[in-house]
Amino acid sequence: MKTLGYASCFTCLAATAAKPDEDLLRRVTDCVGRLSAQIEHHWLLSDQPTEQIETQRAHMEDILDALVTPDTATRILSNRIDAKMAHATLLTQAAFSKDDRRAAWAEKRAKQELSQCGTILLEPAPESVAMADSTHVSEIESVNQGTWQASQ
């Protein structure tokens with residue numbers, strides 16, 4: 001009886017743990033849509049490289065794929081399209097508005113939305129990138145290399 005009780009508790013916990021946080025799901029969905037609009041905007045209006053944005057969107061899509069269930073797939077696709085259209089509207093206002101204040105506001109708002117998307121993704125710290133580029137070998141690395149060479 002005790003085993004059956006533990007099994008049912010574990011099943012309930014597993015079922016609730018498998019549900020994604022709705023706020024995270026909404027944020028990731030919005031970011032995928034916004035990054036898609038940003039990529040299209042770069043393709044259409046400028047010669048700026050889109051590689052970084054495409055990489056961010058690919059990572060966001062991976063996160064979104066992990067969070068989407070068959071029950072939420074339709075709603076998520078709809079939200080993604082809505083976010084893409086909203087961001088495209090901001091970018092269009094920023095590029096083509098005759099009112100300079102409105103254009104500046106739209107550009108600022110679009111950048112704010114994209115910066116919020118950047119907080120979801122983990123990026124290497126500047127010092128770790130510098131460390132990766134250096135030729136300095138730490139004590140741990142030299143021990144690991146020595147062990148590897150000895151095993152050969």
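In the predicted model, Glu22 has a relative accessible area of 44% and is therefore classed as partly exposed. Glu22 takes part in a salt bridge with Arg75, in which the closest N and O atoms are 3.5 Å apart. Because Glu22 belongs to helix H2 and Arg75 to helix H4 (residues 73-96), this pair ties together parts of the chain that are 53 residues apart in sequence. Arg75 is likewise partly exposed, at a relative accessible area of 38%. Side chains of opposite charge can pair when their charged atoms come close.

Helix H4 also contributes to a second salt bridge, between Arg80 and Glu61, with a closest N to O distance of 2.9 Å. Glu61 is located in helix H3 (residues 51-67) and Arg80 in helix H4, so the contact ties together parts that are 19 residues apart in sequence. For Arg80 the relative accessible area is 24%, which means that this residue is partly exposed, since the buried class ends under 20%. Glu61 has a relative accessible area of 24% and is partly exposed as well. Elsewhere, salt bridges that share partners join Asp23, Arg26 and Asp30 into one network.

Within that network, the side chains of Arg26 and Asp30 meet in a salt bridge at 3.3 Å, N to O. Both residues lie in helix H2, where Arg26 and Asp30 are 4 residues apart, about one turn of the helix. Arg26 is partly exposed, with 43% relative accessible area. In total, the structure holds 9 salt bridges, among them the Arg75 pair with Glu22, the Arg80 pair with Glu61 and the Arg26 pair with Asp30.

A search of the whole structure for disulfides returned 1. The link is formed by Cys31 and Cys117, whose sulfur atoms are 2.2 Å apart. Cys31 is situated in helix H2 (residues 22-45) and Cys117 in helix H5 (residues 100-118); with these positions 86 residues apart in the numbering, the pair links distant parts of the chain. The angle about the S-S bond is -95°, and the link of Cys31 and Cys117 is left-handed. Cys31 has a relative accessible area of 5% and is therefore buried, the cut-off being under 20%. Cys117 is also buried, with a relative accessible area of 4%.

Helix H2 thus recurs in these results, because Glu22 of its salt bridge with Arg75 lies there. Helix H2 also holds Cys31 of the disulfide, as well as both Arg26 and Asp30.

At the level of the whole protein, the secondary structure consists of 7 helices and 0 strands. The order along the sequence follows the pattern α-α-α-α-α-α-α. Of the 152 residues in the protein, 22% are buried, and the disulfide partners Cys31 and Cys117 belong to this class. The accessible surface of the protein amounts to about 11,300 Å², and carbon and sulfur atoms account for 58% of this area. Among contacts in the protein with a separation of 6 or more, 66% are between residues 24 or more positions apart.

Note on methods
Residues are numbered from 1 along each chain as its sequence is written. This is a predicted model: local features need pLDDT of at least 70, side-chain atom pairs count only at pLDDT 80 or more; totals for chains, interfaces and linings use all residues. Side-chain values use heavy atoms; hydrogens and water are left out. A disulfide is a pair of cysteine sulfur atoms within 2.5 Å. Helices (H or I, at least four residues) and strands (E, at least two) are DSSP runs, numbered from the N terminus. Buried means under 20% relative accessible area, exposed over 50%, partly exposed in between (1.4 Å probe, protein chains only). Contact means heavy atoms within 4.5 Å. Accessible areas come from the Shrake-Rupley method with a 1.4 Å probe; for residues, only the protein chains shown count as cover. A salt bridge is a side-chain nitrogen of Lys or Arg within 4 Å of a carboxyl oxygen of Asp or Glu.
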